[in-house]
Amino acid sequence: MIRTLIIEDEKPAARKLERMLSLFPEIELVAKIESVEEGIEWFSNNHHPQLIFSDIVLGDGLSFDIFEKIQTKAFIIYTTAFDQYTLKAFKLNSIDYLLKPILDEDLSGAIEKFKSFLPDENSGNVQEIKQLIKKEKTTLSRILVKIGYNLKIVQTHEVSCFFSENKIVYLQTSERTYPSDFTLDELEDVLDEKKFFRVNRQFIIHSDYIKNIHTSPNYKVELNFQPSEEITVSRDRVKDFKDWLVS
């Protein structure tokens, strides 16, 4: 049996996930937790599970707050409506990241993935397995941005470029420019590398929005939507840039 825990502050979502998990005879649900405070207390006083299904945004904070204070060897499958937290999630024992509403096939795939990481007599130790998990590529498809007191979901396919200015990274769409909580280095790790390319230290561009490319005296890219600053490909990136264009 796989000792399993649910962390979810929305009762309907928790009940739905519990019903879905009940279809897997190998899953033994040991508890349901609704808050960061409750989670820290539970982990401090109970035998840890093998597998955790955890929402990220809880009423009193992020579930990350639990795992940054409590060390656990459990593997975590995050469940959330937003995927802007993927990078941090995969640094905190995550083996999968399910976007709500959770589909049956996605849940089944996540559980099978967990089983594949279980150590046996032929596998490495848990720490080696976790290092392999961290190397898995996760792709960002949506970003949550803040506009005043409002939140907006921006699909990455709508973004023509990401750029840094005054230590803040912005994303550009056909509508406007939005600030983000990412660094360009983080974005490089989670964006679809077939669509996005970092042309220099300041810009990551989207191939679908390339309007023109000037090759003399240096490589300069024009996008359909971009900030006022010119976008120039660094000399040491020109070859990789040309390879990316035809890949």
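This briefing describes the strands, helices and aromatic contacts of one protein structure. The model is predicted. The protein has eight helices and 17 strands. Of its 247 residues, 45% are buried. Two open sheets of five strands are covered below, one with parallel pairing and one with antiparallel pairing.

**Overall figures**

- The protein exposes about 13,700 Å², and 48% of that area is supplied by carbon and sulfur atoms.
- Among contacts in the protein with a separation of 6 or more, 54% are between residues 24 or more positions apart.

**The parallel sheet**

- Five strands form an open sheet in the order 2-1-3-6-7, and their pairing is parallel.
- Strand 2 (27-33) and strand 7 (94-99) are the edge strands, each pairing on one side only.
- On average, and with direction ignored, neighbouring strands of this sheet are turned by 20 degrees against each other.
- Strand 1 (residues 2-7) and strand 2 run parallel and are joined by six bridges.
- R3 has its bridge partner in strand 2, namely E28.
- Helix 2 (residues 36-45) packs on the sheet and touches strand 1, strand 2 and strand 3; the direction of helix 2 makes about 130 degrees with that of strand 2.
- Helix 1 (residues 11-21) lies across strand 1, strand 2 and strand 3 (51-55), and runs at about 160 degrees to strand 1.

**The antiparallel sheet**

- The other open sheet has five strands in the order 12-11-10-14-13, with antiparallel pairing.
- Its edge strands, each pairing on one side only, are strand 12 (177-179) and strand 13 (196-198).
- Neighbouring strands here are turned by 25 degrees against each other on average, direction ignored.
- Three bridges join strand 13 to strand 14 (residues 203-206), and these two strands run antiparallel.
- The bridge partner of R198 in strand 14 is I204.
- Helix 8 (residues 238-245) lies across strand 13 and strand 14, running at about 175 degrees to strand 13.

**A hairpin**

- Strand 15 (residues 210-214) and strand 16 (residues 220-223) run antiparallel, with four bridges between them.
- The hairpin that joins strand 15 to strand 16 passes through five residues.
- H214 has K220 as its bridge partner in strand 16.

**Aromatic residues**

- A search of the whole structure finds twelve aromatic pairs.
- One of them is the edge-to-face pair of F64 and Y78, with 5.4 Å centre to centre and 70 degrees between the planes.
- F64 lies in helix 3 (residues 64-69) and Y78 lies in strand 6 (residues 75-80), so this pair ties together parts that are 14 residues apart in sequence.
- F64 has a relative accessible area of 0%, so F64 is buried.
- Y78 also counts as buried, because its relative accessibility is 0%.
- One aromatic cluster is formed by F197, Y219, F241 and W244.

**Background on strands**

- Strands of a sheet pair through backbone hydrogen bonds, in either a parallel or an antiparallel way.
- In a regular strand the side chains alternate between the two faces of the sheet.

Conventions
Residues numbered from 1 in each chain as written. Predicted model: local features only at pLDDT ≥ 70, side-chain atom pairs only at ≥ 80, totals over all residues. Heavy atoms only, no water. Pairing = 2+ DSSP bridges. Axes fitted to C-alpha atoms, helices over the stretch in contact; angles between N-to-C directions. Contact = heavy atoms within 4.5 Å. Buried < 20%, exposed > 50% of the residue type's maximum accessible area, 1.4 Å probe, protein only. Areas by Shrake-Rupley, 256 points an atom, 1.4 Å probe, with all protein chains shown as cover. Phe/Tyr/Trp six-rings, centres within 6.5 Å; stacked < 30°, edge-to-face > 60°.
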